[in-house]
Amino acid sequence: MARPREFDEDRVITAAMETFWRHGYEGTSTRALCDSTGLGPSSLYNTFGGKRQLYLRALQRYYETSTAEQIEILRGEGPAKQRLRDMMVHAVDADLDEADGRGCFAINAAVEIAGLDPEVKDAVRRNFDRVQEELRAVVATGSRTGELRSTADAGAVARRVQSTYYGLRVLARVQDDRQALLDTVDNTLADL
């Protein structure tokens, strides 16, 4: 009996994430997943249970990598406003730098499929909630130290910053003017 070819599961999930991120859920065929991962259709389905399950694993990988990167920026050193700005500018620059204009995988998933699939919705919500939790902590620190003058609840301010942040991620897909996007960042932070 032939022994199944071994593969690096992390590499496969990362390759699938990149494929879904670039083409979306609906735009990604099984053939495209096989091409990007190096697995045959039967191996793909036997190992991951199908395209949808692999998509959910890809969203989890995004959480472990890109969302973790956002959190790392927010937990960095320095004043609260600077950390908020650093996160937003990092996203603007990353989105403008991408030749394929793929934007944020979690936002793409929210727009494309989360309204139709409760598990995808939960996965995206976990991403968004985790970022919001860190934003709330940064805002609370900034309010406590007097750096932020907003008297609103830290959670409400965090949601406002998050809405601006995600709006920037969408705008950067169609807006090539970095300064216009940075003006939005700076105006948002000036109001805090």
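Below, a trainee and a mentor talk through a predicted model of one chain.

Trainee: What should I know before reading this model, and how are residues numbered?
Mentor: Residues are numbered from 1 along each chain as its sequence is written, and side-chain values use heavy atoms, with hydrogens and water left out. The model is predicted, and local features need pLDDT of at least 70, while side-chain atom pairs count only at pLDDT 80 or more, and totals for chains, interfaces and linings use all residues.

Trainee: How many helices and strands does the chain have?
Mentor: The chain has 9 helices and 0 strands, where helices (H or I, at least four residues) and strands (E, at least two) are DSSP runs, numbered from the N terminus.

Trainee: What share of the residues is buried?
Mentor: Of the 192 residues in the chain, 44% are buried, meaning under 20% relative accessible area with a 1.4 Å probe, protein chains only.

Trainee: And which residues does phenylalanine 105 touch?
Mentor: Beyond its neighbours within four places in sequence, phenylalanine 105 is in contact with Met17, Phe20, Trp21, Tyr55, Ala58, Leu59 and Tyr62, contact being heavy atoms within 4.5 Å.

Trainee: Switching topic, how far does the C-alpha trace span along its principal axes?
Mentor: The C-alpha trace of the chain spans about 70 × 30 × 30 Å along those axes.

Trainee: Going back to contacts, what share of those between residues at least 6 apart in sequence join residues at least 24 apart?
Mentor: Among those contacts in the chain, the share that joins residues at least 24 apart is 69%.

Key. Buried < 20%, exposed > 50% of the residue type's maximum accessible area, 1.4 Å probe, protein only.
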